[in-house]
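Good morning, colleagues. Please take a moment with the sequence and the structure before I go through the main points.

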Amino acid sequence: MKTTLLVLFALAFFHPYHNTNSDAIIGIWQSGNGKGHIQIFKQNGKYHGKIIWLKEPLDKVTGHPKLDNKNPDPSKRNVPIMGMVVMRDFNYEDGEWTNGHIYDPSGGKEYKAYLKLKDINTLLVRGYIGISLIGKTDTWTRIR
C-alpha cells in the first residue's frame, strides 16, 4: 500500500502539467537565466514569442540598444533584440506546442523546439538540433 501511494505521488509530482487549453502558454515568461522576458502570443493559429524586456537592454560599449550582431545573415545584424520575435510557428498537439523554432540572439543560432507546461506557471522550453534527444531544456517562469 505504501509503495502504491509513493508511486502515485511521484507520478503526480513529476508528471508534466497537462492542460487541454491550447492558449495556456499565452502570457509573459521570464527566461531561465532571468535575463529576458518573452511574450508568447497567438497569430494565425500558431504560437510565437517576442522579447519585451532585457535585464541589460543597452550595449555596454556604445550605450545604444543591443543589436542582433551575431546573426549569420549580415542584413539582420542591425536589428534590435528588444521586440525581436525569437519563437515562431508552434502548433498545439496533445498537451505540447511542437514543430516550432527558437532563435538565440546571444549565439545567433536557431533551433527546432517544443514547449510543455510543467504546471500553469512553469514552461519547459526544449531547443534541439535534429532530434529532441540532442538538445537543451530551459525552464521559464510565468510573470503574467
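Ile 131 sits in the loop that runs between E7 and E8. Together with Leu 133 and Ile 134, Ile 131 makes a nonpolar surface patch of about 360 Å². I should state at once that this is a predicted model.

Let me set that loop in the context of the whole chain. The secondary structure comes to one helix and eight strands, and the order along the sequence is α-β-β-β-β-β-β-β-β. The chain has 144 residues, of which 30% count as buried. Its exposed area is about 9,400 Å², and carbon and sulfur atoms supply 57% of that. Among contacts with a separation of 6 or more, 39% are between residues 24 or more positions apart.

I turn next to strand pairing. Strand E1, residues 27-30, and strand E2, residues 36-43, run antiparallel and are joined by four bridges. Within that pairing, Gly 27 stands opposite Ile 40 in E2. The hairpin of E1 and E2 has five residues between the strands, and in it Gly 34 takes a positive phi near 75 degrees. E1 also pairs with strand E8, residues 135-142, in the antiparallel sense, over two bridges. There, Gln 30 stands opposite Thr 141 in E8.

Strand E7 deserves a closer look. Val 125 has its place in this strand, which covers residues 122-128. Is Val 125 buried or exposed? Its relative accessible area is 4%, so Val 125 is buried. Which residues does Val 125 touch, apart from its neighbours within four places in sequence? They are Ile 102, Tyr 114, Leu 115, Lys 136, Thr 137, Asp 138 and Trp 140. For one of these, Lys 136, the C-alpha atom is 8.2 Å from that of Val 125, with their positions 11 residues apart along the chain.

Thr 122 is also found in strand E7. Thr 122 counts as buried because its relative accessibility is 16%, and the cut-off for that class is under 20%. Again leaving aside neighbours within four places in sequence, Thr 122 is in contact with Trp 29, Lys 116, Leu 117, Thr 139 and Trp 140. Trp 140 thus appears in the contacts of Val 125 and in those of Thr 122.

Now to the aromatic residues. A pair of aromatic rings is described by the distance of the centres and the angle of the planes. The count here comes to two aromatic pairs. In one of them, the ring centres of Tyr 92 and Trp 97 are 4.9 Å apart and the planes stand at 55 degrees, so the pair is tilted. Tyr 92 counts as partly exposed, at 24% relative accessibility, whereas Trp 97 counts as buried, at 1%. The rings of Tyr 114 and Tyr 128 also form a tilted pair, because their planes are at 55 degrees; their centres are 6.3 Å apart. This pair links distant parts of the chain, with Tyr 114 in strand E6, residues 109-119, and Tyr 128 in strand E7, 14 residues apart. Tyr 114 is partly exposed at 24% relative accessibility, while Tyr 128 is buried with a relative accessible area of 14%.

My last topic is charge pairing. How many salt bridges does the structure hold? There are five salt bridges. Arg 88, Asp 89 and Glu 110 are linked in a network. In the bridge between Asp 89 and Arg 88, the closest N and O atoms are 3.1 Å apart. In the bridge between Glu 110 and Arg 88, the closest N and O atoms are 2.8 Å apart. Because Glu 110 lies in strand E6 and Arg 88 in strand E4, residues 85-93, this pair ties together parts that are 22 residues apart in sequence. As for exposure, Asp 89 is partly exposed at 26%, Arg 88 is partly exposed at 31%, and Glu 110 counts as partly exposed at 41%.

Glu 96 forms a salt bridge with Lys 116, where the closest N and O atoms are 2.8 Å apart. This pair too links distant parts of the chain, Glu 96 being in strand E5, residues 96-104, and Lys 116 in strand E6, 20 residues apart. Lys 116 is partly exposed, with a relative accessible area of 22%, and is also among the contacts of Thr 122.

Thank you for your attention.

Conventions: Residues are numbered from 1 along each chain as its sequence is written. This is a predicted model: local features need pLDDT of at least 70, side-chain atom pairs count only at pLDDT 80 or more; totals for chains, interfaces and linings use all residues. Side-chain values use heavy atoms; hydrogens and water are left out. Buried means under 20% relative accessible area, exposed over 50%, partly exposed in between (1.4 Å probe, protein chains only). Contact means heavy atoms within 4.5 Å. Rings of Phe, Tyr and Trp (its six-membered ring) pair if their centres lie within 6.5 Å; planes under 30 degrees apart count as stacked, over 60 as edge-to-face and the rest as tilted. Two strands pair if DSSP finds at least two bridges between them. Accessible areas come from the Shrake-Rupley method with a 1.4 Å probe; for residues, only the protein chains shown count as cover. Patches are made of residues with over 30% relative accessible area and no salt bridge: like charges are joined within 9 Å, nonpolar side chains (Val, Leu, Ile, Met, Phe, Trp, Tyr) within 5 Å. A salt bridge is a side-chain nitrogen of Lys or Arg within 4 Å of a carboxyl oxygen of Asp or Glu.
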